[in-house]
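Q: I would like a close look at a single part of this model, namely a charged pair of side chains, followed by the setting in which that pair sits. Please connect the details into one account.
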Amino acid sequence: MGLPENKKKVSVIIPIYNAAGFLHKCLDSILQQTYQNIEIICVDDASDDSSMEIISSYMENDSRIHLISQETNMGAYIARKRGVTAANGDYICFVDADDYVDHGLIEELVNLKCDADIVHFMTEVENCGIESEYYENILYSILKADNIEELKDIKFELGINDEIGRAHV
């Protein structure tokens with residue numbers, strides 16, 4: 001017999017590279033979630049700004065925050081994979097270091113009643129200069145995949161692979 005939905009742990013994985021200017025808002029938005037049974041795995045991808053110091057100061061005040069440091073910059077995909085490997089949660093949620101989330105996001109995801117392996121939710125893109133067509137192509141690739149084996153072959157910044165594909169995000 002499994003745990004009730006409101007007792008399941010969510011691992012929030014944040015790949016970080018030189019995100020000092022965004023990190024406070026990102027971490028605060030996660031720490032202020034209405035759903036509190038979370039662990040926050042920050043994967044620093046060899047930042048050379050003050051990102052590590054910011055994470056360390058948050059770790060002093062909240063034991064749910066964990067840090068993985070990469071000595072060489074390997075990109076967000078590898079950072080996410082390292083975070084997934086370290087995750088202890090029943091669910092996995094990715095949040096980029098330059099993003100912030102609504103306070104009820106994790107609770108809504110945990111209470112979502114569907115038989116999905118991956119949940120992609122809409123985002124608002126503010127002044128980042130990235131063409132929305134890029135993201136539409138990624139989403140289309142995910143939606144047209146018939147099984148998890150096909151997802152393993154999709155190479156893109158979101159880092160979908162067989163390990164996280166079965167994490168019931």
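What does D96 count as, and at what relative accessibility?

A: D96 counts as partly exposed, because its relative accessibility is 27%, where buried means under 20% relative accessible area, exposed over 50% and partly exposed in between, computed with a 1.4 Å probe on protein chains only. The model is a predicted one, in which local features need pLDDT of at least 70 and side-chain atom pairs count only at pLDDT 80 or more, while totals for chains, interfaces and linings use all residues. Residues are numbered from 1 along each chain as its sequence is written, and side-chain values use heavy atoms, with hydrogens and water left out.

The partner of D96 is R80, and the closest N and O atoms of this salt bridge are 2.5 Å apart; the term requires a side-chain nitrogen of Lys or Arg within 4 Å of a carboxyl oxygen of Asp or Glu. This pair links distant parts of the chain, 16 residues apart, since R80 belongs to helix α3 (residues 76-86) and D96 to the loop between β4 (91-94) and α4 (105-111). R80 is buried, with a relative accessible area of 3%, whereas D96 is partly exposed.

By the same rule the count comes to two salt bridges, and the other joins the side chains of R64 and D62 at 2.8 Å, N to O. Here R64 counts as buried at 18% relative accessibility, and D62 is buried as well, at 16%. R64 is placed in the loop between α2 and β3 (65-70), and, leaving aside residues up to four places away in sequence, R64 touches L31, Q36, I38, E39 and I40, contact meaning heavy atoms within 4.5 Å.

L31 leads from R64 to a pair of helices. The axes of helix α1 (residues 20-31) and helix α2 (residues 51-61) come within 9 Å and cross at roughly 25 degrees, the axes being lines fitted to C-alpha atoms over the stretch in contact, with angles from 0 to 180 degrees between N-to-C directions. The two helices are therefore roughly parallel to each other, a label given to angles under 35 degrees (over 145 is roughly antiparallel, 65 to 115 roughly perpendicular and the rest oblique). A20, L23, H24, L27, D28 and L31 of α1 make the contact with S51, I54, I55 and Y58 of α2. These residues divide into seven nonpolar, two polar and one charged.

Two loops that precede these helices each hold a residue other than glycine with a positive phi. N18, with phi near 45 degrees, is found in the loop between β1 (10-16) and α1 and is partly exposed, with a relative accessible area of 27%. A46, with phi near 65 degrees, lies in the loop between β2 (38-45) and α2. As background, most residues other than glycine have a negative phi.

For the wider setting, the protein chain has seven helices and four strands, which are DSSP runs numbered from the N terminus (H or I, at least four residues, for helices; E, at least two, for strands). From the N terminus on, these elements run β-α-β-α-β-α-β-α-α-α-α. Of the 169 residues of the protein chain, 38% count as buried, and among contacts between residues at least 6 apart in sequence, 77% join residues at least 24 apart.

Terms used
Ala, Val, Leu, Ile, Met, Phe, Trp, Tyr, Cys and Pro count as nonpolar, Asp, Glu, Lys and Arg as charged, and the others, Gly among them, as polar.
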